[in-house]
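Trainee: I am new to this structure and would like a close look at one part, the place where the two chains touch. Please take me through that part and then set it beside the sheets elsewhere.

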Amino acid sequence: MRSSALLLAVAATAVAALAPGATQAQPVRSISTGAVAGAGSPATCVVHSLPSFVAQGEFALTATAADVIEVECDPNIYGTGSKIKLTASQLYSRCKGKLIWFVPDTTPSQGFFKEAGRGVSVGLDADGNATVAVLAGPECSAGESLVTAHMEEEPFESFTTSFTVLAPVNTTPGVFALPASQVEDSSSSAVATIIEAEFPGGSEKNVRIASEELYQRCRRAPHVRWIRMDGSESRSEGEGSEVREVQLDNNGNAFVIAIGDSSCAEGTSLIEADLEAKPFTAFTTNFTVLPPQPTGEPAFTIEKREEIAGSGSGFTSAPLKGSLGQTVDYQVVVTSTSNVAETFGELSDPHCDPGTIAGGPGASPLAPGQSSTYTCQHALTALGTYANEATLTGTAVGGTPVTHTSNQVIVEVAPEPAFTIEKRQQLAGSTSGFTALKLTGAIGQSVEYAIVVKNTGNEALAFSNFTDAHCDSHTIAGGPGAALVQPGASTTYTCSHVLASSGTYVNEAGVTGAAPGEAPLAQSSNRVEVNVPGAASPLSPLGGSAPANQKPAGEVLPVCEASRPLLRGASGPKRGTFTVQISSLGIKRISFYLDGHKLKTLDQSQAKGGRFTITLDSRKLSYGAHKVSVKTRMSNASCAAIARTGVFVHPSTRVVVPKFTG
Amino acid sequence: MSANRKDARSAASVVPWRALAVALVGASLLFAPAGFGADPAPEAAGAGSPGGFGARLSNLRTLSLWAYPQSAAAVRRDPSPTSPVIDHLRFLTSDGQAEVYLALRSYTVGAATWILLPIPGRPNGLTGWVPADALGDMHVSSEYLRVNRETLRATLYRGGRAVWSAPVGVGRPTLPTPAGHFYVTEKLAAAGQPLYGPYALGTSAYAPLLSEWPGNGIVGIHGTNEPQLIPGRPSHGCIRLRNGDITRLWAMIGVGTPIEIL
């Protein structure tokens, strides 16, 4: 097992199987899922079920199976002798209760202790490892079985793997040794193999299986331990360079497991199998002890952090407070804590907005200790608490995938009622638009006010109690009424005031906003100012020097001046039907024109809500600019007729291939 | 540049060449490296500085006014009916959308009020004056988009508060994204060309070295089919965003929003 500091690790590996009546075992597909420890931290233990070696049943219907289960734990966490319980209940059922566990004694030369049943409790060695052989059958049904390992002391972690019993398969004569497919530990080679011998016509004869080379190569006594399961179904173990009197089953097969400890030197050893009776047939094969290599198990940490986009406050894992419309930037930092390179699957993060996940190592592996950062965003579109975590799966060559979930980060979008109120003004008849700047008017002119109330909070608001001391009676219009104004939306109140005398008109508006069920919030607007000189005065819609628009002091022309309305709605892009309006005040008859062609003439009786209104449909018009104009006959013959024009655009579709540089 | 701009040059061409030269030199004074940049002294009178006439209408940060044109009025170098014409207002962008104009300053002289506008086109940063009645109702924007070519990040501010930010791809060193003050001229749903992603914003900025590009080299802000190149400097001058980012920005930003490219 790897540890964070030292790659101590180790363990024996191997697999074995005995098969009464089987012909030959076959190298098996690899097995097992890896270990899982506490979420969010590297596994403290890993459990392997090594590539199994399955023997056929005597009548090719059921199998005798052997497996070697290896536990590798971090010795910095689990001390020598820490107990772990291995259980294979499914295999126990699959093999009709015939399960025998062979546990190498931790004291050399003590051989094995055997235990029948669903599981066995074993102690970890000084490297944090334990190796157990299990023989099952001979009546095992093919299929996969879960193998679990429970630590019997704090923190009581559990790990799982699986083992598959393969269906019986006919094999050929000879002697075969399962490759040492998973010899690990960075500093030693603890090995195990399963040796199968098949002698045609040798039913019930005895066979000798030996490997003097392997015996010498594993330098520490007892050098090699043998577990024998012969045709008589007697299961025993021994030590030395050979094992004798291994009885062939009815099909001429015999199996033994050979286990060496971590003192085994790498290299190839000859293994012999010969009949101990006539015709004294002999077969040989090789078994190679692989050089020490680290465990190829993935391990990594995953840390999630967040920042409100644009806040500049830096990423943190602490809870944040956000507002509707804001975007949360997430960072997910993955750091490899494995001792081998590992690759990662797709980051899963349910609160990342679609298409925003970026970064990460992609298909490139992360080297041990290396980090990579994923990023994504989430737009805060509703009130509430956004609790979020990311999940990632890492894979190492030869190892089993490990999935970890990050820490949880939280953004809270709390109710924040807020609004702005902005007052602007213009002199009636001016075409330069509303402004908050100081204006200079003349007696008799009318000032039009537009008070824009915008919901800048994150809750819908109702507005009431609109006040404006300088609005003339009955001129207040607009506003949302009883409707709620949604966050980000605005509503406009309008009113007007006739400048009846000289002086300075300083004015502000006020309104009360409240979210349903919450305390109201009252605000006042900015102040706007109109100066009316006592004598002749220039008109300055936007400040600065002004043109002369002189009126005799004290002369009041409320009718003519107040009835110089603007044409509304005939500006900007129009993609469908739209209305064009003009105040009907003082107008007896009005004619509307489109691009010079008369559309309609209306008289005062056809005005609705104090306005003349026509509806146009730009879809019937060509693309480009079009002019709407009106000509009037005034009710008061002494007032000059009004001519107003507005230009709107029928744009092409918005769905285009842009002519941008790309 | 659009056909309208060519028309403008045609109109200017009837002016004696010496007057035209003076007009263009005068116009060139109006664009600094920072284009029509924010005015730090809003009420400063314009003695010796054409851009300083009158009162400031937009601070290009928290309050900006913009309007649709009401006529194809002449854009003049100075706020005077006799000042040289340097362009004309346009109703349509080169993509067929309604053209908008930012209102930078106003100046009232005699009976007329003039508005100072930035003029989308090449070279970047050109400004000129039009009569106030050449523009429709003023619209108010409290938004401001900043694109930082060094940190490769764009940030949208609303009322001075950052409300959106994302990494960007900008022009490669040989085809740089121009620096300066610009604004959003149009919002498009890009179709038929995955290069632009799902949405695109037109700007008043023009790529300095791509005058032969269709549309005359408008710098767009758009999505991409190569998100792995963001952040970076992969474009021909446009500002590329990941498709998720442009989708959010597109929904949040309006035409007339000032843009500052650092």
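Mentor: A:Val655 has B:Ala189 of β14(B) standing opposite it. This is a predicted model. The residue pair belongs to a pairing between β48(A) and strand β14 of chain B, residues 180-190, in which the two run parallel and are joined by two bridges. In general, strands of a sheet pair through backbone hydrogen bonds, in either the parallel or the antiparallel sense.

Around this pairing lies the wider contact, to which chain A gives 47 residues and chain B gives 60 residues. On the side of chain A that touches chain B, the elements giving two or more residues are β26 (371-379), β41 (572-573), β46 (624-634), β47 (643-650) and β48 (655-656), each of chain A. The largest share of that side comes from β47(A), with three residues. By residue type, the side of chain A that touches chain B holds 22 nonpolar, 22 polar and three charged residues.

Now for chain A as a whole. Its secondary structure amounts to three helices and 48 strands. Of its 662 residues, 48% are buried. If one takes the contacts in chain A between residues at least 6 apart in sequence, 72% of them join residues at least 24 apart.

One sheet within chain A can serve as an example. It is open, has three strands in the order β32-β40-β37, and its pairing is mixed. At its edges are β32 (439-440) and β37 (503-507) of chain A, each of which pairs on one side only. The partner of β37(A) described here is strand β40 of chain A, residues 528-532; the two are antiparallel and share five bridges. Within that pairing, A:Thr504 is set opposite A:Asn531 of β40(A).

Chain B offers a sheet to put beside that one. This is also an open sheet of three strands, ordered β5-β2-β9 in chain B, and its pairing is antiparallel. β5 (101-103) and β9 (139-141) of chain B are the edge strands; each has a single partner strand, so one side of each has no neighbour in the sheet. From one strand to the next, the twist averages 40°. Strand β2 of chain B, residues 64-67, runs antiparallel to β9(B), and three bridges join them. One residue pair there is B:Leu65 with its bridge partner B:Val140 in β9(B).

To return to the starting point: β48(A) and β14(B) pair in the parallel sense, whereas β2(B) and β9(B) run antiparallel.

Notes:
Residues numbered from 1 in each chain as written. Chains lettered and ligands numbered in written order. Predicted model: local features only at pLDDT ≥ 70, side-chain atom pairs only at ≥ 80, totals over all residues. Pairing = 2+ DSSP bridges. Helix = DSSP H or I, 4+ residues; strand = E, 2+ residues; numbered from the N terminus. Axes fitted to C-alpha atoms, helices over the stretch in contact; angles between N-to-C directions. Buried ≥ 20, exposed ≤ 12 C-beta atoms within 10 Å, placed from the backbone. Contact = placed C-beta atoms within 7 Å. Nonpolar A, V, L, I, M, F, W, Y, C, P; charged D, E, K, R; others polar.
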